[in-house]
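Let's take a walk through a protein fold together. Have a look at the picture below before reading on.

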Amino acid sequence: MPGLMSTPPQDVVPLGEGFWNLRGSFRIGPVDIGTHASLCRLESGRYVLLDAIRFSSAQESWLREMTEGGAALEAVLNVHPFHTVFCASAHRLFPDAAHHGTARHHRKLPEVPWAELRTEDEALHARYAADFAFSVPAGVDFIPANENLHFASVIALHRASRTIHVDDTFGVQKAPPFLRKPGNQLVSVHPTLPLVLEPTREAVPAFRDWGDLFVSLAGDADQLAAAHDGILRPRRGEPSVRDRVGKALATVEPLLRLHERRHR
């Protein structure tokens, strides 16, 4: 099978069977908030890349080795509408892969020959159902007119590695000092949630129903890789990914109740 003997560089983090998280740099002014992409092996032995970053020279060489120069890379799935900066360069690097993006990717980067199916389309999710479970937040504006609101993304669970790849919707941070233990990390919901909830009475029930489904999905995950914040790998005896996702969603309940009162 291609690439199985390749040793990943330092900025590539192996996370279970057939999943590698590539950590990258993304600066807003002087602050590097980081970003990521993930290479995932499919049951077929081919590969899918989730998202695109400015790959380091070591990452690029490793990716080419893993994918037989790109021949074994089946697709690039860009799963966040507002993560567009490195999509064109990823296409130049892997021109033979199918490049899938959201509706906003199609609109913002018409020069990229996008595959017809978009990453938010259920038909694409069905195509890769043997390898991934995809989840799209409900009750929120997926592509807001305000381009500073980067809440929603297509969240992907890679089944073989039991790893969740997520952009923005959930983040991973160290616990505050008074709660901190070795390896203790918190999962949080992106703070723009109140600004992207649809202005209807149905928005909060839809979001809660989605949250319940996602918590259930997170029960099949052993780790979670977040774009800007880092990687959650609970140790034995620590709260699971599911527990931490559930707690994160519980913390936004006051915001949801406030939205309900405004849109009765």
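Which strands does helix α6 lie across? In this predicted model, α6 (residues 203–218) crosses β9, β10 (155–158) and β11 (163–166), and the helix runs at about 155° to β9.

Those strands belong to an open, mixed sheet of five, arranged in the order β9-β10-β11-β14-β15. At its edges stand β9 (132–135) and β15 (230–232); each has a single partner strand, so one side of each is left without a neighbour in the sheet. On average, neighbouring strands here are turned by 20° against each other, direction ignored.

In the pairing of β14 with β15, Leu-224 stands opposite Leu-232 of β15. Helix α7 (residues 241–251) also packs on this sheet, where α7 touches β11, β14 and β15 and makes about 50° with the direction of β14.

Now turn to strand β5. Seven of the seven residues of β5 (residues 35–41) are buried, so the strand is largely enclosed by the rest of the structure. In a regular strand, side chains alternate between the two faces of the sheet. Both faces of β5 are covered: one side has Thr-35, Ala-37, Leu-39 and Arg-41, the other His-36, Ser-38 and Cys-40, all buried.

Here are three antiparallel pairings to find in the model:

| Strands | Bridges |
|---|---|
| β2 (residues 19–24) and β5 | six bridges |
| β5 and β6 (residues 47–50) | four bridges |
| β14 (residues 223–226) and β15 | three bridges |

Within these pairs, Leu-22 stands opposite Ala-37 in β5, while Leu-39 has Leu-49 in β6 as its bridge partner. Finally, β5 and β6 form a hairpin with five residues between them, and Gly-45 in the turn has a positive phi of about 95°.

Key: Residues numbered from 1 in each chain as written. Predicted model: local features only at pLDDT ≥ 70, side-chain atom pairs only at ≥ 80, totals over all residues. Heavy atoms only, no water. Pairing = 2+ DSSP bridges. Helix = DSSP H or I, 4+ residues; strand = E, 2+ residues; numbered from the N terminus. Axes fitted to C-alpha atoms, helices over the stretch in contact; angles between N-to-C directions. Contact = heavy atoms within 4.5 Å. Buried < 20%, exposed > 50% of the residue type's maximum accessible area, 1.4 Å probe, protein only.
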